[in-house]
Structures are given as structure tokens and as C-alpha cells.
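Please take a moment to look over the model before reading on, since the paragraphs below move through it one region at a time.

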Amino acid sequence: MTAADWPAVRRIYAAGIAGGDATFETEPPGWEDFTSTRLPDHRFVATSADDGDVLGWVACSGVSRRAVYRGVVEHSVYVDPAAGGRGVGRALLDALVASTERAGIWTVQSAVFPENAASLRLHAGAGFRVVGVRERLGCQDGRWRDVLLLERRSAVVGVIPG
């Protein structure tokens, strides 16, 4: 993902926000805020083979500056609604898992609303599991929302770091 991809990434992010079950965010950030909080080696776009249009994106951030958590990231994945059901989300998650494992990252996590069935299916298919429920984590449009904590533990990054 580069700055040139941002208009399409922002549009897809905004569509996810408008759907109501993707995030507590109310609008996408600007490019500078987005890029300053996402790890540059672990953010990708999926593009159409036909015309090069961006179909979806994935990016992650470290969960903490503490050294013990250096191998743990939190990610977001968004697919253009018009590209749903075509394997875009899975391709993006596969790319993220490959890049994070090459970097020695052992846990990729995400927070998903229980109502977001498509995201839950996508993540389960990519090896994520629900590890907890954060009840009434935030209030959105006058309604308290639960959030499921999902994680994927690497099967190849398992050496205790020194």
C-alpha cells in the first residue's frame, strides 16, 4: 500500500464504516494519520487483474511498545462491497500472515463485532479463533456493542525470543 492507493483505500474504509458493523470509527483518518500508525512492511492492497482497481486492503499496528509484545500486532482488513465473495479478503489475510511470520511476529489479532458474520467466516477460514468477548466495549449510535477478540497464533514463529 502506498500513498497513491490512499483514495481507493479511504473509499473502501468509508464503505465499511457506513455499513455499521466494521468499526467504531465514524470516518477514515487522513493518509498521514493512517500511515503513521500502521507498520509499513505489513500493509497491502488487492487489485483487480483487469483494470488495477483496488479491491481491498489490510494493515496492522503493534499492540504495545513494550518489548514483550513485539511479536503481537492488531490488523484491519476491508474489502470493497462490490468485490465481496471473490476471495479478496482471504488473499489479503494470507499476504499479511506471510509478511508477519517472515518478520517474526507470532500473534495477529483483531476485534470484530459479533454481527459481522462475513468477517468472522473470513477470519476462521484463515486460522483465527475467538479468544474472548469484550462486552459493551463501546457505544455506537446509542447502542452498546460487544466486540469479539480474534487471534491467529503462528505455527512457524514459535522460538522464544532472546
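Contact here means that heavy atoms lie within 4.5 Å of one another, and this is the sense in which one element is said to cover another in the description that follows. The model is a predicted one, and a convenient place to begin is helix H1, which runs over residues 6-19. Because each residue is expected to add 1.5 Å, the 14 residues of this helix should span 20 Å, and the C-alpha atoms at its ends are indeed 20 Å apart. Within H1, the residues Trp6, Ala8, Val9, Ile12, Tyr13, Gly16 and Ile17 are buried, and what covers them includes helix H2 (31-37) together with strands S1 (44-47), S2 (54-62) and S3 (72-79). Just after H1, glycine 20 adopts a positive phi of about 90 degrees.

A second place to look is strand S4, residues 107-112, in which threonine 107 is found. Threonine 107 counts as buried because its relative accessibility is 3%, under the 20% cut-off for that term. Its side chain makes a polar contact of 3.0 Å with the side chain of arginine 153. When neighbours within four places in sequence are left aside, threonine 107 is in contact with Gly71, Val72 and Val73, and also with Glu151, Arg152 and Arg153.

The cysteines deserve a separate word. Cysteine 60 is buried, with a relative accessible area of 0%, whereas cysteine 139 is partly exposed, at 47%. A search of the whole structure for disulfides finds zero.

Methods
Residues numbered from 1 in each chain as written. Predicted model: local features only at pLDDT ≥ 70, side-chain atom pairs only at ≥ 80, totals over all residues. Heavy atoms only, no water. Helix = DSSP H or I, 4+ residues; strand = E, 2+ residues; numbered from the N terminus. Buried < 20%, exposed > 50% of the residue type's maximum accessible area, 1.4 Å probe, protein only. Polar contact = N/O pair within 3.5 Å; in protein donor to acceptor, adjacent residues only side chain to side chain. Expected span 1.5 Å × (residues − 1). Disulfide = S-S within 2.5 Å.
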